[in-house]
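Here is a quick walk through the strands of this protein and the residues around its ligand. Have the structure open as you read.

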Amino acid sequence: MASSGVKPCADKETLLTFSRSRNNVSGRCNLLRIMSRIRLVVTSLAKHNCDLPVVISGAGIAGLASAVALHKEGFHVQVLETAPTLRQEGTAIGLWDNAWKALDSLGVAGGLRTNYSALDKVELCQGPKGRLLKHFSFSDCEGGAGSEFRAVHRSALLEALADSLPPETISFGTSVLSFSQQAEQPNAAATASNTGHGNSGTVPNVLAGVRDSMLRVRVQKGSVQEDLDAAILVGADGVRSAVAQQLGMPLPNYSGYSAYRGVATLGQEGVKRVGLPAGTIRQIWGAGVRAGVYQLNDSELYWFVCFNADLQSTSDAPEQHLQKALALVKGWSWSLENIIQSTSPDQVSRSRCVDRWTLSPWGKGQVTLTGDAAHPMTPNLGQGGCTALEDAILLAAVLRPLASLEGQPSEGKVSTALRKFEQLSSARCLPLTVRSNLMGAALQLEAAPITLARDAFVGSTLFSPAHFLDHAKYDLHAAVMRAQN
Ligand SMILES: Cc1cc2nc3c(=O)[nH]c(=O)nc-3n(C[C@H](O)[C@H](O)[C@H](O)COP(=O)(O)OP(=O)(O)OC[C@H]3O[C@@H](n4cnc5c(N)ncnc54)[C@H](O)[C@@H]3O)c2cc1C
């Protein structure tokens, strides 16, 4: 198997070809991006002196953010992604204050801030009857003044993260199948095997040649299966994570509700006509069905419709997704139908809402999990993606001391660091997972007396928004300090 490492990133060929080497979503490549990628290559050359190679399974938010954070620490990182490109499923995502702090730390927040509107007001509404139950601003919440929230296109978030990585870091069309942990392994370059039918299209084994690599990761690219060597494997492969399954994790539980999500392109005038006050997150509640609308930017709105449903197929055509979403909110106020009708079918998706109440430790030896692979949570607090970003910072913080060691650290040191990461991540994510689950159960209730009581309570002076932003408050700096001690 060919060995490529970090060094080849520096050669002229790479510099000339990097803009076409990554099969990213839009292929938009302007001069600024090219300049910043060249800078990346140069700085990565200067930094890559760490002998601890990391394989990351999955190029979603968790995988890419972890790759950026670890790359910044000087690790050799390789990300393997099943899909042929960065995935767009979910269309957009709400990022709370904790996510922006993590994105700042990763150095990728700037461009996203420029392109997406800051929202700091909330409207809680009754769907069918069109009654505004409560409105408040973030400054009415405890510690909420200055708290940042923006909804962004998922593709923009993934691209921003991917663009912060050196070329060739991500191998698309490549699935992690399994891993094996070995007591001691001879020089990886000599042992890497290609069990497929040819040499073309194999995954570059950036880890080849590393001493005493203890993990072998079996991957599939097309019809070819091959083994890569790693000192650390990070399973960031989402709710159906192959790595989590091999670690013995059960699949997440279905909550009993699913969601349609979409991005409506209305243009500036259309957005104004919808009557959503600037900077407002609007949540609209019915019985067993609820919706939300957030402004992405001047001309686009992100919407979702969450509804009770049996565990069933999500393989409808996109046009059917739109029709079914419309049917769920038929006759509701708040211009919901207009917004959904202004959505192109390729801008809509359907997802099941699942979770798993995962206790740490969830990894073993030199293998860990992050993001949805580790702690899938229902979307009621909008924290799954945000905590995946936090995970990346914590993971890099626990591994930071190992990056500066001479030579490759022992398996024991790596394992201790990864268990510490899991402990910190679990302490943060388990309470969120439980809270999100309970909140979803309350918001998806169908019985009329209960929903009437709920709406009466929220509309009354008994309801206080004081704790509305609690989920977004996380002292990342303090957690990083704990990670390093
Ligand atoms: C309806 C809904 C709304 C949501 N809203 C929000 C929100 O507003 N804010 C928020 O923060 N979160 C939200 N979330 C949660 C958020 O979407 C997830 O927490 C987040 O996407 C998790 O990212 P991830 O990288 O861990 O997993 P994923 O995004 O699932 O990425 C996993 C990646 O791994 C790849 N992969 C899978 N298996 C393999 C394999 N074997 N080998 C290689 N690659 C593999 C996949 O193709 C995928 O690209 C919402 C979720 C839902 C369902």
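## Strands and the ligand shell

Let's start with a small sheet: 3 strands in the order 8-9-10 make it up, it is open, and the pairing is antiparallel. Strand 8 and strand 10 (224–230) sit at the edges with a single partner strand each, so one side of each has no neighbour in the sheet. On average, neighbouring strands here are turned by 25° against each other, direction ignored. Keep in mind that this is a predicted model.

Now for the pairings themselves. As a reminder, strands of a sheet pair through backbone hydrogen bonds, either parallel or antiparallel. Here is how several pairs look, with an example of facing residues for each.

| Strand pair | Sense | Bridges | Facing residues |
|---|---|---|---|
| strand 8 and strand 9 (215–221) | antiparallel | 7 bridges | Ser178 and Arg218 |
| strand 4 (121–126) and strand 5 (131–137) | antiparallel | 6 bridges | Lys121 and Ser137 |
| strand 4 and strand 13 (280–285) | parallel | 6 bridges | Glu123 and Arg282 |
| strand 12 and strand 16 | antiparallel | 8 bridges | Ser258 and Arg352 |
| strand 12 and strand 15 (300–308) | antiparallel | 9 bridges | Gly262 and Trp303 |

Strand 4 shows up twice. With strand 5 it forms a hairpin that has 4 residues between the two strands. Gly130, in the turn, has a positive phi of about 70°. Strand 4 also runs parallel to strand 13, joined to it by 6 bridges.

Strand 12 has two antiparallel pairings in the table as well: 8 bridges with strand 16, and 9 bridges with strand 15.

On to the ligand. Which residues come nearest to it? Of the 36 residues around the ligand, the nearest are Gly58, Gly60, Gly238, Gly371 and Gly384. Several elements give two or more residues to this shell: helix 3 (61–72), strand 3 (92–95), strand 8 (174–181), strand 12 (253–265), strand 16 (343–355) and helix 12 (384–403). So which helix gives the most? That's helix 12, with 4 residues.

What is the shell made of, by class? It has 16 nonpolar, 15 polar and 5 charged residues.

Both domain 1 (7–88 + 158–250 + 358–434) and domain 2 (92–156 + 254–355 + 441–480) take part, each giving at least three residues to the shell.

To tie the two topics together: strand 8, an edge strand of the open sheet, is among the elements that give two or more residues to the ligand shell. Strand 12 and strand 16, which pair with each other, are on that list too.

Conventions: Residues numbered from 1 in each chain as written. Predicted model: local features only at pLDDT ≥ 70, side-chain atom pairs only at ≥ 80, totals over all residues. Near = placed C-beta within 6 Å. Nonpolar A, V, L, I, M, F, W, Y, C, P; charged D, E, K, R; others polar. Domains from an automatic or database assignment. Pairing = 2+ DSSP bridges. Axes fitted to C-alpha atoms, helices over the stretch in contact; angles between N-to-C directions.
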